[in-house]
Amino acid sequence: MKIIMLGAPGAGKGTQAKKIAEKYQIPHISTGDILRENTRNGTELGKKAKGYMEQGLLVPDTLMIDLVVDRLQQKDCTKGYILDGFPRTIPQAESLDEALKELGQKIDVAISIEVPDENIIRRMSGRRACVSCGSTWHIIHNPSSREDICDICGEALMLREDDKPETVQKRLAVYHSQTHPLIQYYTDRNILKEIDGTKDMKDVFDNIIRILEV
Ligand code: AMP
């Protein structure tokens, strides 16, 4: 099963993608996670991406496309995968289609998690991320057991630079102008499915599974 997750930043793509990956035993490929790991480790890619990410802008397509196409050719992707955060622009989607054609593959479904901007801004201000392992928490919906301390590795939790309200506004504007056109792109290819992302996490997951198991 080859799945793309679409939706604004903070719509819950990552949370749902992780659960789907677990259920179907396929890799969860999050370009945001890959980039954050690279910035934490100070790699060349990380150094190039950092400034864009902190400002709520997209990292240039040229850096993203090769990264994802390489990842999809790794052994663990033969059974399928779930792409979270890629593609994010029409050129990324077109390059992905071309690369998959060469590999004799195609995407089965693009799931768009729909959440209004007002809900997103409220949700993101409560998000906290671990400075060390990168795991994410939420002060109301998914709190760690000790305030501002990561349950996984014991390091500090912080409001990520790109989750600050002014950056979230910028990321939403970028989403509407550059990423939202993908809804039409995948509608035209008859693989788009829309999901109401305002429901609680479990209902959203059940609705996704219902779509995948049709
Ligand atoms: P995310 O965790 O998916 O919201 O990604 C965090 C940040 O990483 C985004 O705001 C972008 O700066 C960058 N990023 C992640 N995926 C992409 C992509 N496919 N194209 C460009 N930039 C990306």
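Reader: Which helix gives the largest share of the shell around the ligand, and what makes it a helix?

Author: That's α2, residues 31–40, with four residues of the shell. Helices here are DSSP runs of H or I with at least four residues, strands are runs of E with at least two, and both are numbered from the N terminus. By the way, this is a predicted model: local features need pLDDT of at least 70, side-chain atom pairs count only at pLDDT 80 or more, and totals for chains, interfaces and linings use all residues. Residues are numbered from 1 along each chain as its sequence is written, and side-chain values use heavy atoms, with hydrogens and water left out.

Reader: What makes a residue count as one of those that surround the ligand?

Author: One of its heavy atoms has to lie within 4 Å of the ligand. 14 residues surround the ligand, and the closest are Thr31, Leu57, Gly85, Gln92 and Arg171.

Reader: Why is the pair between Thr31 and the ligand called a polar contact?

Author: A polar contact is a pair of N or O atoms within 3.5 Å (within protein, one must be able to donate a hydrogen and the other to accept it, and residues adjacent in sequence count only if both atoms are side-chain atoms). A ligand nitrogen is 2.8 Å from an N or O atom in the Thr31 side chain, so the pair qualifies. Gly85 has a polar backbone atom 2.8 Å from a ligand nitrogen, and for Val59 a backbone N or O atom lies 3.0 Å from one.

Reader: How do you know how much of the ligand the protein covers?

Author: Accessible areas come from the Shrake-Rupley method with a 1.4 Å probe (for residues, only the protein chains shown count as cover). On its own the ligand has 470 Å² of accessible area, and the protein covers 95% of that.

Reader: Why are β5 and β7 called paired strands?

Author: Two strands pair if DSSP finds at least two bridges between them. β5 and β7 have two bridges, in the antiparallel sense, so they pair. In β7, Met158 is the bridge partner of Ala129.

Reader: What makes β6 and β7 edge strands?

Author: The open sheet has three strands in the order β6-β5-β7, with antiparallel pairing. β6 (136–138) and β7 (157–158) each pair on one side only.

Reader: Which peptide bond is cis, and where is its proline?

Author: The bond joining Phe86 and Pro87 is cis, with omega about 0°. Pro87 is in the loop between β3 (81–84) and α5 (90–103).
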